[in-house]
Amino acid sequence: MMDFFEQQDHAHRQSRKLLFLFFLAVIAILIAVNVSLALIWKWAFALRTQGHPGYPTGFFFVNTAVTLLFIGGGTLFETFRLRDGGDAVAQMAGGRLVMPSSTDVKERRLLNIVEEMALASGIACPRVYVLDREDAINAFAAGYHQNEAVVAVTQGSLTRLTRDELQGVIGHEFSHILNGDMRMNIKLIGILFGIQMIAGFGQELMYWGSRFGSSRDRNEKGPPIQLVLLAVGAALFVIGYVGIFFGRLIKSAVSRQREFLADASAVQFTRNPETIGGALRKIGGLTMLNQCGSRITNPRAEQMSHMFLGAARANLMDGLFATHPPLKERLQRVYGRNVEFLDASEIIDPPEQTAEPEGMLGFGAGHVNTHSQTSGAQTNASLNAGFGQHGGLSFQVTPVAAVNPVTTAVLKARGIDPAILRAARDPRFADALVFALLCDPTQEQDYQTQLALIARISREKAAQTDQLVHHLDTMQASPRLPVLDLAMPALKQLSTESRADLLSLCAKLIAADQRMSQSEFVLQTVLERRLGPQSGRLVKVRYNDLTALKSEVVQILSLVASSHSDDQVATVALMRAALLLPDLGLHEGDLLASSDVDFFVVRQALEKLNQLAPLVKPFLIKAVMAAASVAPSTLGAVQDTAMAASMIDLVRAICAAIDAPVPEVNALASPY
């Protein structure tokens, strides 16, 4: 069996080298510009003066500065146009935003898959776009940060792929989100545009040089000025496109390595090579008909070619400029053997199918046959049991054939009330759902105070909150953060001012009873990280080792350990974590009592821990998982256990606060 983790590590190392080569290409352009202009200067003015005319003061400095100005200015201009991140890129590609509450059967299927993947990985649910005019099979993820990422798929992906295959495509794109590829991809768009500015300026000079005739005296020596302009323009035009040549070459190499990584990750996420493998085989089958089964017709497709799942243009499928590895090579790595391409005809849904079943249909659970009637409920884990028993962290309800309506009773039995799902997906009610998650109806006086605070903003919103609170009672034993994650696409449609008002009211609801509970801390932490003013900004790395943040690590581990009700278990939980962090030298005396854990201090600790280098964060997450997954046995010993709902939410909140995906529980919670 292939070791996908080794392939991922190798792809990361290669990508860093190739990015370095891209900067070398810019340096090569600077050298070429200076050499070309020096030769033109000598040619143009040697006949006008005796001997070598020499170069004006600052000649090479000005050439270099102007060239960098064009590259930098063009890059900044294009980057500014893409300042909205993923949304701007998706709109540039001709994408249409899919509303979270959409009931179109194909769009609902797509939204459900994206929701499943987001819940499984523990990141904010991305917004979804569809490229309506693109009939081929393709997709991309874009954004500056995982908190503001978008996923876009072509109309052909919706109509030609099965649910499993579409799931593989989304898994592939989630790899780009989790591995930090998106920010680099947008930067590449800007840099290539900047380099292209040199060629554009050269083209303008050639135009003006050919437009004006000669007006010099017949006794004047040397070439006419229009000929000089033509020469300079031609040189810059050639250099610009030589720069683009090398830029595309390096961009293609970066993209090829990332695609191997994303294919491997898609198999890892879905636990089934037939998902992404089936999609790639259908791209191959469609290619046999039209030369490029992943063709994108948008005029700016080539500029974005490195971001797509498959080659955007037929002339970019082979050779040095190939933005993606050959399909057969990708399939060889996915399956470990040679496989044939598949027919990619459009899939016709049964006429009686009008909508995808409410809820999520089983991420990683295998193919769900929506074309025949399901004989009974399939054995998927509930919201609570899925965490800690399935590496993919399964959060789903019963998969049922789309021709059979999914009843409210079935959804409630699996932990999610249909009313909660509808509110999470509707921008009109998503904020009320957030308020409901923060309200505590068991404390009547405090609850009425909270409703009164909401009523000051809107009486209708207070009534909606009250209704949703009662629906949330049906999932008391289930994690709450997945519900908040589902609401993120709807919440992100709020304006910046509305987001600030939402966060402000949430803070008032928490302060209504003059104390902060762990569940309130968890919800507020995730809300601030995903909707706050800093949510879409990249955090600068300041720490390369956990030893510099020992006190912060102690705060987090003490919070997790003290969440266990038994003091003995809390102590053992800390020491289990300490075994994974030997350099910190943690001991039993470092454990803070639950009464000494200050949520304000914990939040400050999380802000610092988010500044850790990416390769260091997994060590912290492993330690957190080790402390979280213990419980006393009937014999008085300590053993591994499936986590309680409150512990699941706490772990997810910690991961969200430091911009880390939720780990695979089985791999991290082994006994020591």
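**Close-up views of a predicted model**

**View 1. The two faces of strand β4.** Val150, Ala152 and Thr154 point one way from β4, Val151 and Val153 point the other way, and all are buried. The structure shown is a predicted model. Strand β4 covers residues 150–154, and 5 of its 5 residues are buried, so the strand is largely enclosed by the rest of the structure.

**View 2. The strands that pair with β4.** Strand β2, residues 127–131, pairs with β4 in the parallel sense over 5 bridges. Within this pairing, Tyr129 has Ala152 of β4 as its bridge partner. Strand β3, residues 139–142, pairs with β4 in the antiparallel sense over 4 bridges. Here Phe140 has Ala152 as its bridge partner in β4. Strands of a sheet pair through backbone hydrogen bonds, in either a parallel or an antiparallel arrangement.

**View 3. The open sheet and the helix packed on it.** The sheet is open and consists of 4 strands in the order β1-β2-β4-β3, with mixed pairing. Strands β1 (96–97) and β3 stand at the edges, each with a single partner strand, so one side of each is left without a neighbour in the sheet. Helix α4, residues 105–121, packs on the sheet and touches β1, β2 and β4. The direction of α4 makes about 140 degrees with that of β2.

**View 4. Helix α9 and its two ends.** Helix α9 runs over residues 273–290 and has 18 residues. From its first C-alpha to its last, α9 reaches 26 Å, close to the 26 Å expected at 1.5 Å a residue. The helix is mostly covered, as 13 of its 18 residues are buried. Asn272 caps the N-terminal end of α9, with a side-chain oxygen 3.0 Å from the backbone nitrogen of Glu274. Following α9 is Gln291, whose phi is positive, near 75 degrees.

**View 5. The packing of helices α15 and α16.** Helix α15 (residues 444–457) and helix α16 (residues 459–472) pack at an angle of about 140 degrees, and their axes are 7 Å apart. On the α15 side, the contact is made by Tyr447, Leu451, Ile454 and Ala455. These residues meet Arg459, Lys461, Ala462, Thr465, Asp466 and Val469 in α16. By class, the contact between α15 and α16 has 6 nonpolar, 1 polar and 3 charged residues. An α-helix has 3.6 residues a turn, so residues three or four places apart point the same way.

Methods:
Residues numbered from 1 in each chain as written. Predicted model: local features only at pLDDT ≥ 70, side-chain atom pairs only at ≥ 80, totals over all residues. Heavy atoms only, no water. Axes fitted to C-alpha atoms, helices over the stretch in contact; angles between N-to-C directions. Contact = heavy atoms within 4.5 Å. Nonpolar A, V, L, I, M, F, W, Y, C, P; charged D, E, K, R; others polar. Buried < 20%, exposed > 50% of the residue type's maximum accessible area, 1.4 Å probe, protein only. Pairing = 2+ DSSP bridges. Expected span 1.5 Å × (residues − 1). Polar contact = N/O pair within 3.5 Å; in protein donor to acceptor, adjacent residues only side chain to side chain.
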